[in-house]
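Here is a friendly walk through one structure, taken region by region. Have the sequence and the 3D view open side by side as you read.

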Amino acid sequence: MSLRKVLTIAKKEFRVQRRYRVVWLNFALTPFFILAPWVLTAKFLSPSFGESVLVGSIMWYWLNQYFFGLQEAFEDEREEGTLVSVALSPVSLLSFLVGKGLWMIVECSYITVVTITIFKLAGVSAGFKLIPLYIASGFYMFAFSLLWAGLVLRFRRIGGVNLLTQGALAVTSGVTADIRAYPGSLKGWHI
């Protein structure tokens, strides 16, 4: 695996995305519309709760992108019509997956910056100082997702195992909100 080959794959992804510029508008707006009901409802309960939900949701988004993004890398290539080109190129599968993963860090960083900006304008401040944390955790998730991509190559379909693992990680991650931010009807059992 050479750095040149990895960067070639990342550059290919950039060219594909540059050709379809509306995708960037979708990247910018879709996370807001998906997260807005949750984050703004949490903000209504407590400003700090709204920030916690936003931070957790963005981390969940990164996790989703890496769990499903690299797992479905070859499927994406087939849909884009570039799988044959990739298969015939002298690039190893590992170089291909690493190149795709590097491009995903660019995509996720863009989506995160735009999402934080939009929510900041809406009065929910999660702070731009967390962006380095998101990127650092993105590299960790990227390395972990290489394992999943390898399992997909080996066993073909592991969607059920993927969802089960993802759910277990979410439950045991420790990302929780302060119980005092919940309404009394929900926190009554926790006293």
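Val 53 is a residue of helix 3, which covers residues 47-69. Leaving aside residues up to four places away in sequence, Val 53 touches Trp 38, Val 39 and Ala 42. Val 53 also has a distant partner along the chain: Ala 126 is 73 residues away in sequence, yet the two C-alpha atoms are 9.3 Å apart in space. Please keep in mind throughout that this is a predicted model.

**The chain as a whole**

Stepping back, the protein chain contains nine helices and zero strands. Its pattern along the sequence reads α-α-α-α-α-α-α-α-α. The protein chain has 191 residues, and 38% of them count as buried. Among contacts in the protein chain with a separation of 6 or more, 76% come from residues 24 or more positions apart.

**Helix 2 and its kink**

Two of the residues touched by Val 53, Val 39 and Ala 42, are also listed among the buried residues of helix 2. The other buried positions in helix 2 are Trp 24, Phe 27, Ala 28, Pro 31, Phe 32, Leu 35 and Ala 36. Helix 2 runs over residues 22-45, a stretch of 24 residues. From its first C-alpha to its last, helix 2 reaches 35 Å, close to the 34 Å expected at 1.5 Å a residue. Where does helix 2 have its kink? Look at Ala 36, shortly before the proline Pro 37: the kink there is about 50 degrees.

**Helix 6 and the helices that cross it**

Helix 6 spans residues 93-121. At 1.5 Å a residue, its 29 residues should span 42 Å, and the end C-alpha atoms are 42 Å apart, so the two values agree. After helix 6 comes Gly 123, with a positive phi near 95 degrees.

Both helix 1 and helix 2 pack against this element, and the table sets out the geometry.

| Helix pair | Distance between axes | Angle |
|---|---|---|
| Helix 2 and helix 6 | within 9 Å | roughly 50 degrees |
| Helix 1 and helix 6 | 7 Å | about 50 degrees |

Why are helix 1 and helix 6 called oblique to each other? They pack at an angle of about 50 degrees, and an angle between 35 and 65 degrees is neither roughly parallel nor roughly perpendicular, so it counts as oblique. Helix 1, residues 3-19, passes helix 6 in a right-handed crossing. On the helix 1 side, the contact is made by Lys 5, Val 6, Ile 9, Ala 10, Glu 13, Phe 14 and Gln 17. Helix 6 answers with Ser 95, Phe 96, Val 98, Gly 99, Lys 100, Leu 102, Trp 103 and Glu 107.

For the other pair, the axes of helix 2 and helix 6 cross at roughly 50 degrees. That angle makes helix 2 oblique to helix 6. The crossing of helix 2 past helix 6 is right-handed. Helix 2 contributes Trp 24, Phe 27, Ala 28, Leu 29, Pro 31, Phe 32, Leu 35, Ala 36 and Val 39 to the contact. From helix 6 come Trp 103, Glu 107, Tyr 110, Ile 111, Val 114, Thr 115, Ile 118 and Phe 119.

**Trp 103, a residue in both contacts**

Trp 103 belongs to helix 6, and it appears in the contact with helix 1 as well as in the contact with helix 2. Is Trp 103 buried or exposed? Its relative accessible area is 7%, so Trp 103 is buried, the cut-off being under 20%. Not counting residues up to four places away in sequence, Trp 103 touches Ala 10, Glu 13, Phe 14, Gln 17 and Trp 24. The C-alpha atoms of Trp 103 and Ile 9 are separated by 8.4 Å, although the residues are 94 apart along the chain.

**Two partly exposed positions**

Thr 117 also sits in helix 6, where it is partly exposed with a relative accessible area of 31%. Thr 117 and Gly 127, ten residues apart in sequence, lie 8.9 Å apart, C-alpha to C-alpha.

Leu 83 is found in helix 5, residues 83-88. With a relative accessible area of 30%, Leu 83 is partly exposed. Its C-alpha lies 9.7 Å from that of Ala 73, ten residues away in sequence.

Definitions and conventions: Residues are numbered from 1 along each chain as its sequence is written. This is a predicted model: local features need pLDDT of at least 70, side-chain atom pairs count only at pLDDT 80 or more; totals for chains, interfaces and linings use all residues. Side-chain values use heavy atoms; hydrogens and water are left out. Helices (H or I, at least four residues) and strands (E, at least two) are DSSP runs, numbered from the N terminus. The expected span of a helix is 1.5 Å times one less than its number of residues. The bend at a residue is the angle between axes fitted to the seven residues ending there and the seven starting there. Buried means under 20% relative accessible area, exposed over 50%, partly exposed in between (1.4 Å probe, protein chains only). Axes are lines fitted to C-alpha atoms, for helices over the stretch in contact, and angles run from 0 to 180 degrees between N-to-C directions. Angles under 35 degrees count as roughly parallel, over 145 as roughly antiparallel, 65 to 115 as roughly perpendicular and the rest as oblique. A crossing is left-handed if the near helix is turned anticlockwise from the far one by less than a right angle, and right-handed if clockwise. Contact means heavy atoms within 4.5 Å.
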